[in-house]
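Happy to walk through this one with you. Let's look at its helices and a few backbone angles, question by question.

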Amino acid sequence: MKPLKVTSNFEVYDSVEELPQAIQDLMKTAVEARDKAYAPYSQFKVGAALALNNNEVVTGSNQENASYPSGLCAERTAIYYAGATFPEAQIKDIAISAKSMKHMVEAPVPPCGACRQALVEYEVKQKADIAVYFMGETGKVMKANSIKDLLPLIFENSVL
Ligand code: THU
């Protein structure tokens, strides 16, 4: 037996104002997308904004359903829209913001496990990492340079 230690790297910013202007703008776009969420069941709204290398910005928000599992998270709504609309473009950055209609969310909200798997597929596809920035409604912002920091030991197409 050999132990295997897996490490991930993150940066923590005290507020969004500490980030470069382009990322602040991307986070603002994520917040605007967040307000368009359809979340009558959870009262929890998430917005995602993707910066592409063709200078397009693609957004998504969570879309819920009376049949709960049929809803979709903001991150997957956004990345599937990007893949469907600009299949040749590379995704450079993704900004995510989450807000509860019931209480203030001050801690950074990372993407759920299913979204991590969906996002990492595009890193594999484009052979380039995607930087991810995530926050709550206010407070600290966390950054990772790759989705793989959020999801080590990825399941990818090379095993198929
Ligand atoms: N949600 C997202 O949009 N992204 C995530 O990464 C986690 C959860 C949504 C799904 C559901 O509409 C609501 O937040 C509560 O789980």
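Here are the questions, each with a short answer.

Q: What kind of model is this, and which pLDDT do side-chain atom pairs need?

A: Residues are numbered from 1 along each chain as its sequence is written, and side-chain values use heavy atoms, with hydrogens and water left out. This is a predicted model in which totals for chains, interfaces and linings use all residues, local features need pLDDT of at least 70, and side-chain atom pairs count only at pLDDT 80 or more.

Q: How many Å does helix α3 reach from its first C-alpha to its last?

A: Helices (H or I, at least four residues) and strands (E, at least two) are DSSP runs, numbered from the N terminus. The expected span of a helix is 1.5 Å times one less than its number of residues. For the 14 residues of α3, 113-126, the expected value is 20 Å, and the helix comes close to that, reaching 21 Å.

Q: Which elements are included in what covers the buried residues of α3?

A: Buried means under 20% relative accessible area, exposed over 50%, and partly exposed in between (1.4 Å probe, protein chains only). On that scale the buried residues of α3 include Cys-115, Ala-118, Leu-119 and Tyr-122. Their cover includes α2 (74-85) and β4 (91-100).

Q: Why are α2 and α3 described as roughly parallel, and at what angle do their axes cross?

A: Axes are lines fitted to C-alpha atoms, for helices over the stretch in contact, and angles run from 0 to 180 degrees between N-to-C directions. Angles under 35 degrees count as roughly parallel, over 145 as roughly antiparallel, 65 to 115 as roughly perpendicular and the rest as oblique. The axes of α2 and α3 come within 9 Å, and they cross at roughly 20°. That angle is why α2 counts as roughly parallel to α3.

Q: How do the residues of the contact of α2 with α3 divide into nonpolar, polar and charged?

A: Contact means heavy atoms within 4.5 Å, and here Glu-75, Arg-76, Ile-79, Tyr-80 and Gly-83 in α2 meet Ala-114, Cys-115, Ala-118, Leu-119 and Tyr-122 in α3. Ala, Val, Leu, Ile, Met, Phe, Trp, Tyr, Cys and Pro count as nonpolar, Asp, Glu, Lys and Arg as charged, and the others, Gly among them, as polar. The residues of this contact come out as 7 nonpolar, 1 polar and 2 charged.

Q: Is Ile-79 buried or exposed?

A: Ile-79 has its place in helix α2. Not counting residues up to four places away in sequence, Ile-79 touches Leu-50, Ile-91, Leu-119 and Tyr-122. Its relative accessibility is 1%, so Ile-79 counts as buried.

Q: Which strands do the buried residues of α1 pack against?

A: The end C-alpha atoms of the 14-residue α1 are 20 Å apart, which agrees with the expected 20 Å. Its buried residues include Ile-23, Leu-26, Met-27 and Ala-30. The buried residues of α1 pack against β2, β3, β4, β5 (131-135) and β6 (141-144).

Q: What is the phi of Asn-55, and where is this residue found?

A: Most residues other than glycine have a negative phi. Asn-55 is found in the loop between β2 and β3, and at 69% relative accessibility it counts as exposed. Its phi is positive, near 70°.

Q: What is the phi of Gln-43?

A: Gln-43 lies in the loop between α1 and β2. With 31% relative accessibility, Gln-43 counts as partly exposed. Although Gln-43 is not a glycine, its phi is positive, about 60°.
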